[in-house]
Amino acid sequence: MTKVKGGIYDVLRGRFLTDEGSFNNWRIFIFVVTLLLIMISSSHSLDAKVVKIAKLNKLKRELKAEDFDTSTALTKMRLESSIREKVKHRNLFPANKPPQKIKVTTKKE
């Protein structure tokens with residue numbers, strides 16, 4: 001039991017980093033720290049991308065709603081009844097007889 005206690009105290013005091021064979025321990029320690037830094041960096045990058053995606057989705061929904069409103073207004077403007085009301089003050093009314101096609105023929109010489 002005392003060996004286990006002594007081993008735990010040595011680890012807590014950092015003796016494994018100051019002994020003669022500590023070079024291998026330092027390499028592993030630096031490798032683990034590097035991996036942790038890469039993991040933290042990628043996590044922050046992922047969080048930033050998730051926030052950006054959420055903002056873009058919100059903007060997309062707003063633009064879809066605006067497109068729908070605009071197309072609805074355009075459809076109402078194209079209705080024959082709305083066009084009649086707009087040109088009524090200019091004394092323009094629909095024709096009583098339908099339009100006729102005019103055919104033009106040319107002779108080649």
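The protein chain exposes about 11300 Å² of accessible area, and carbon and sulfur atoms supply 63% of that surface. The model described here is predicted. Of the 109 residues in the protein chain, buried ones make up 4%.

The secondary structure consists of 3 helices and 0 strands, and the order of elements from the N terminus on is α-α-α. The radius of gyration of the protein chain is 40 Å, well over the 13 Å that the globule rule gives for 109 residues, so the chain is more spread out than a compact globule. The extents of the C-alpha trace along its principal axes are about 115 × 50 × 25 Å.

Helix H2 covers residues 22-78, and Ile28 has its place there. Ile28 also belongs to a nonpolar patch on the surface, which it forms with Phe31, Val32, Leu35, Leu36, Ile38 and Met39. Together these residues contribute about 690 Å² of accessible area. A patch takes in residues with over 30% relative accessible area. Ile28 can be counted in such a patch because its relative accessible area is 53%, a value that makes it exposed.

Charged side chains form a further surface feature. Lys58, Lys60, Arg61 and Lys64 make up a positive patch. Among them, Lys60 is found in helix H2. With a relative accessibility of 45%, Lys60 is partly exposed, and it can join a patch because this value lies over the 30% that membership requires. For the protein chain as a whole, there are 23 positive and 11 negative charges, and their mean positions are 8 Å apart.

Side chains of opposite charge can pair when their charged atoms come close. In this model the count comes to 1 salt bridge, formed by Glu80 with Arg84. The closest N and O atoms of Glu80 and Arg84 are 2.7 Å apart; the pair therefore meets the criterion, which asks for a side-chain nitrogen within 4 Å of a carboxyl oxygen. Both residues lie in helix H3, which comprises residues 80-87. Glu80 and Arg84 are 4 residues apart, about one turn of the helix.

How exposed or buried are the two partners, Glu80 and Arg84? Glu80 has a relative accessible area of 52% and is exposed, whereas Arg84, at 43%, counts as partly exposed. The two assignments follow from the cut-off, because exposed means over 50% relative accessible area.

How values were computed. Residues numbered from 1 in each chain as written. Predicted model: local features only at pLDDT ≥ 70, side-chain atom pairs only at ≥ 80, totals over all residues. Heavy atoms only, no water. Helix = DSSP H or I, 4+ residues; strand = E, 2+ residues; numbered from the N terminus. Buried < 20%, exposed > 50% of the residue type's maximum accessible area, 1.4 Å probe, protein only. Patch = residues over 30% accessible without salt bridge, like charges linked within 9 Å, V, L, I, M, F, W, Y side chains within 5 Å. Areas by Shrake-Rupley, 256 points an atom, 1.4 Å probe, with all protein chains shown as cover. Rg over C-alpha atoms; globule rule 2.2 N^0.38 Å. Lys, Arg positive; Asp, Glu negative; His and termini not counted. Charge placed at Lys NZ, Arg CZ, Asp CG, Glu CD.
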